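Here is a friendly walk through one structure, for a reader who likes to check contacts and distances as they go. Have the viewer open and follow along.

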Amino acid sequence: MAERNTFRLMLLILGVVFAFLYIPISVLVGLSFNEGGLPTAWTGFSFKWYGALLENDDILGAAANTVVVAICSTILSTFLGTFLAVGVEIRRRNGKWLETVIFAPMIIPDIVLAIALLSFFSLLGAKMGLHTIIVSHVVFNLAFVCAVVRARLKSFDWSIVEASADLGASTITTLYRVMVPVLTPAIVAGALLAFTLSVDEFIIAFFTAGAGRSSITLPMQIYAMIRFGVTPEINALASIVMTVSVICLALSQRLNKGGLSG
Amino acid sequence: MSTDRRALILMSPAILWLLALMVVPCVLILVLAFFQRGIYGGIEYTWTLENLALVFDPLYFKIFLKSAGIAGLSAGIACVLGYAAAYAIAAMPRRNQPLLLFFAVLPFWSNYLVRTYAWIVLLNREGLIVNLARWIGYQGELPSMLYTEQAVVIGLVYNYLPFVILSCYAPLSRLNPEITEVSRDLGASAWTTFRRVTLPMTVPGIATGFVFVFVLSIGNFVTPALLGGGQFQMIGNLVYAQFLTANDWPFGAALSMVLIAVMLGLLMAQATVAERAAGMKKDQGNG
């Protein structure tokens, strides 16, 4: 009897917590399809507000900027992060300071990195824009790619690398023909993670974008819109952004799992 | 070429990147905190401790305490909810647990701004909660829910809860059920077993969750700006203002320095808790 009650209590807790987690975002997505656009009354299902997004040049411009930033920072960080992971794992005996430097970008609060980079770029006299956002995003992205690839390397069979070297392959050939194919799922998972993090990142982009509208990214645009109040367009935009990140990350997670068990 | 050289060549681009764009800028902040603010907002290169002293000026220190209070409250609530949820997930049949965990963490993957915005939709004057109250027949004037301290706490708890669920689930799922059974067989009640056996063994997970929520909350400027509506400032907003509006970078740097010190202290304390717990487990294994 007591067991049954405990189990019911557990189900109740799960119900409450999941309701808390999902009701806010579900309401948001639901309202984005509300014809009238007001949260007060449901007037019918419509894609109207999604259509409105396509006619908003500010939003389209910001979306284009975001894609440029995300793709460039993903490519750079995928190379840097993968090389770093392979290097760290073949070297093995890495000092504590090295591990700290590699781990730090993942836990350093965004605001700290953001103001640090802003001060750095201004003192250098660098003109800020999309390029400064890109190189800044690479800082945390490469750490995440490195972590994902390293996790895969922990179960890597190093004897195939030795075999490749014994058979006369150069370092580059071994890296390219032996290691990369085995690591591909992890590298793609890391790249997808980096891409999503970059698309969603707001604070660092906000501080390193410089003045003017030309380098506004989507999260910066959303932030500006939210400060002006609730509009049906934001509901639609927010729903799209949310769906994209969830899909990318679910995909990344899946690939990563496959890699680890394979 | 030795393996070591090869490894270093592979590592060097990323390491240089991190040195140039993370380590140097962070050191720069530390140095900046000891310079003077120029008359027209620039930086004057004379050493001073004034900025750091100003951080502890009651006017600003109050904001620090307030931020710590809000961060502490949010971390506390998130830990209670997160632990309960993790405990409930761990009590479900094993095969269902991965899926439950997946859905508990899923919202964490969506955009932070979007998740915060969702609460504006719920809490605003024409929002869903007000409408719901009217619908069930509440006639009176409702207190404004958005742009309050409570709204900020709700937003922070909401955003970081999945993290706590993850950090608490890890030790709970590894808990050996035999240990709790022994406790029950020896006559302890379910509550005593939980309080004296389960809870102490899962403290590291709670500590990790608490510290991370606290650290992420105390420096946050987005949630106070959006859900607090500029009604009050948290440290993150103050830092933001020094850099982007007040143009007093040395003071902003000094504020960040103290903020970083608080965060580092907490993270180190959390690492100690985790290490001690790992040591305890080893002792049990040997004994």
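Is Ser252(A) buried or exposed? Ser252(A) is buried, because its relative accessible area is 5%, and the cut-off for that label is under 20%. Keep in mind as you look that this is a predicted model. Ser252(A) sits in helix α11 of chain A, which covers residues 232-261. Leaving aside residues up to four places away in sequence, Ser252(A) touches Ala189(A), Leu192(A) and Leu193(A).

**Nonpolar cores**

The largest nonpolar core holds 159 residues. Those that touch the most other members are Leu84(A), Leu153(A), Met179(A), Phe207(A), Ile165(B), Phe221(B) and Val222(B). Take Leu153(A) as an example: not counting residues up to four places away in sequence, its contacts are Ala85(A), Val86(A), Glu89(A), Trp158(A), Met179(A) and Leu183(A). Apart from the largest core lies another one, of eight residues, including Val148(A), Ala186(A), Leu193(A) and Leu249(A).

**Where the chains meet**

How many residues of chain B are in contact with chain A? There are 74 of them, and they meet 75 residues of chain A. About 6,800 Å² is buried between chain B and chain A, with carbon and sulfur atoms giving 85% of that area. On the chain B side, Trp17(B), Trp109(B) and Tyr117(B) lose the most area to chain A, and together they make up 11% of what that side buries.

As for charge and polarity, the rule finds one salt bridge across this interface. Asp4(B) and Arg91(A) form a salt bridge, with 3.8 Å between the closest N and O atoms. Five residue pairs are in polar contact across the interface, both residues being at pLDDT 80 or more. Helix α1 of chain B (residues 3-32) gives the most to the side that touches chain A, with 21 residues. By residue class, that side of chain B divides into 62 nonpolar, eight polar and four charged.

**Salt bridges**

Over all chains, a search of the whole structure finds seven salt bridges. Three of chain A are set out here.

| Pair | N to O distance |
|---|---|
| Glu35(A) and Lys48(A) | 3.9 Å |
| Arg213(A) and Asp58(A) | 3.7 Å |
| Arg150(A) and Glu89(A) | 3.0 Å |

Glu35(A) lies in the loop between α1 (2-32) and α2 (48-54) of chain A and Lys48(A) in helix α2, so their salt bridge ties together parts that are 13 residues apart in sequence. Glu35(A) is partly exposed at 33% relative accessibility, and Lys48(A) is partly exposed at 41%.

Arg213(A) is in the loop between α9 (203-208) and α10 (218-228) of chain A, while Asp58(A) is in helix α3 (residues 57-91), so this pair ties together parts 155 residues apart in sequence. Arg213(A) is partly exposed, at 46%, and Asp58(A) is partly exposed, at 38%.

Arg150(A) belongs to helix α6 (residues 130-153) of chain A and Glu89(A) to helix α3, so the pair ties together parts 61 residues apart in sequence. Arg150(A) counts as buried at 15% relative accessibility, and Glu89(A) is buried at 9%. Through shared partners, salt bridges join Glu89(A), Glu99(A), Arg150(A) and Lys154(A) into one network.

**Two backbone angles to check**

Tyr147(B) has a positive phi, near 65°, although the residue is not glycine. Tyr147(B) is in the loop between α6 (128-135) and α7 (149-174) of chain B. Asn247(B), also other than glycine, has a positive phi near 60°, and is found in the loop between α11 (235-244) and α12 (249-286) of chain B.

Conventions
Residues are numbered from 1 along each chain as its sequence is written. Chains are lettered from A and ligands numbered from 1 in the order in which they are written. This is a predicted model: local features need pLDDT of at least 70, side-chain atom pairs count only at pLDDT 80 or more; totals for chains, interfaces and linings use all residues. Side-chain values use heavy atoms; hydrogens and water are left out. Contact means heavy atoms within 4.5 Å. Buried area is the accessible area (1.4 Å probe) that two parts lose on being put together, summed over both. A salt bridge is a side-chain nitrogen of Lys or Arg within 4 Å of a carboxyl oxygen of Asp or Glu. A polar contact is a pair of N or O atoms within 3.5 Å; within protein, one must be able to donate a hydrogen and the other to accept it, and residues adjacent in sequence count only if both atoms are side-chain atoms. Helices (H or I, at least four residues) and strands (E, at least two) are DSSP runs, numbered from the N terminus. Ala, Val, Leu, Ile, Met, Phe, Trp, Tyr, Cys and Pro count as nonpolar, Asp, Glu, Lys and Arg as charged, and the others, Gly among them, as polar. Buried means under 20% relative accessible area, exposed over 50%, partly exposed in between (1.4 Å probe, protein chains only). A nonpolar core is a set of buried Ala, Val, Leu, Ile, Met, Phe, Trp, Tyr and Cys residues joined through side-chain atoms within 4.5 Å.
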